[in-house]
Amino acid sequence: MGRINEFFIRNVWAAVVLGVVVASLVTWVLFADRSFGTVLVRTCFYSVAGIAVALARRRKEKRAAGGSVDRLVRVEQSLRTGEVPSAPEDRAAMREIVGRRLHQTRHRVAALIFLVALFAGIAVLVGLTARPSQTIAFVVFGVAFMGWMVWSGNRQDRRLRTMRDALGTEQPKDVAPGAAAGGPGA
């Protein structure tokens, strides 16, 4: 599994292609009366914004990791395994990325509640307007997707908080105690 994750970290294009293909397949299953080519083109068109957001986030995380893809890969592997990096530059990169991700996910619970409400509303509308097979497929997909989102989000949040706690106990030797806490001189 580690090699697959490393491959997707190094090759963002592969994650994008895989995401578009999976989204196209799910859409095609839900709307089987349309041709797969039409669904694929439509999914690619709607995926442009998501791809732009993913690439912008990747660029920022690469910059936070020191501009190196290799360091970003090391930091990601350390985060996934729970191993605290030993090199000072990797520790600094890990602190930056963990802090950034925890900040980005601070409204995670509210977002999940909104997503559940959104899926429930759409399931009701699909149930009122579509065939029973489409409704069942959408509900099964929605329950599986939300279950995976909650499980994955909780796991990632636990990893980030554990790593923050492990990194937060030490301060860099060249930084004054007040500066690290955001006090004078920061």
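Leaving aside residues up to four places away in sequence, Gln 134 touches Leu 30, Phe 31 and Val 126. This is read from a predicted model, and the contact set offers a convenient point of entry. Gln 134 is placed in helix α7, which covers residues 132-168. Its relative accessibility is 11%, and because the threshold for a buried residue is under 20%, Gln 134 counts as buried.

From this residue one may step back to the whole chain. The protein contains 8 helices and 0 strands, so that the pattern along the sequence reads α-α-α-α-α-α-α-α. Of the 186 residues in the protein, 24% are buried. Among contacts with a separation of 6 or more, 56% are accounted for by residues 24 or more positions apart. The contacts of Gln 134 with Leu 30 and Phe 31 may be viewed against that background.

The surface comes next. The protein exposes about 12,200 Å², and carbon and sulfur atoms supply 67% of this area. On that surface, a nonpolar patch is formed by Phe 7, Trp 13, Val 17, Val 21, Leu 25 and Trp 28, which together have about 570 Å² of accessible area. The element that gives the most to the patch is helix α2, residues 12-30, with 5 residues. Val 17 is found in helix α2. With a relative accessible area of 47%, Val 17 is partly exposed; membership of a patch requires over 30% relative accessible area, and therefore Val 17 passes that cut-off.

The charged side chains remain to be considered. Side chains of opposite charge can pair when their charged atoms come close. In this model the count comes to 9 salt bridges, and three of them are followed here.

In helix α3, residues 36-64, Glu 61 and Arg 57 lie 4 residues apart, about one turn of the helix. These two residues form a salt bridge, with 3.7 Å between the closest N and O atoms. Their surroundings may be described separately: Glu 61 is buried, with a relative accessible area of 7%, whereas Arg 57 is partly exposed at 39% relative accessibility.

Helix α5, residues 88-104, holds Glu 96 and Arg 100, and because these residues are 4 apart, about one helical turn separates them. Their side chains meet in a salt bridge at 3.3 Å, N to O. Both partners are partly exposed: the relative accessible area is 37% for Glu 96 and 25% for Arg 100.

The third pair returns the reader to helix α7, the helix of Gln 134. Here the side chains of Arg 161 and Asp 157 meet in a salt bridge at 3.0 Å, N to O. The two are 4 residues apart in helix α7, and so they are separated by about one helical turn. Arg 161 is partly exposed, with a relative accessible area of 37%, while Asp 157 is buried at 15%. Beyond individual pairs, salt bridges that share partners join Arg 57, Glu 61, Glu 76, Arg 80 and Arg 101 into one network. The pair described in helix α3, Glu 61 and Arg 57, thus belongs to this network.

Terms used
Residues are numbered from 1 along each chain as its sequence is written. This is a predicted model: local features need pLDDT of at least 70, side-chain atom pairs count only at pLDDT 80 or more; totals for chains, interfaces and linings use all residues. Side-chain values use heavy atoms; hydrogens and water are left out. Buried means under 20% relative accessible area, exposed over 50%, partly exposed in between (1.4 Å probe, protein chains only). Contact means heavy atoms within 4.5 Å. Accessible areas come from the Shrake-Rupley method with a 1.4 Å probe; for residues, only the protein chains shown count as cover. Patches are made of residues with over 30% relative accessible area and no salt bridge: like charges are joined within 9 Å, nonpolar side chains (Val, Leu, Ile, Met, Phe, Trp, Tyr) within 5 Å. A salt bridge is a side-chain nitrogen of Lys or Arg within 4 Å of a carboxyl oxygen of Asp or Glu.
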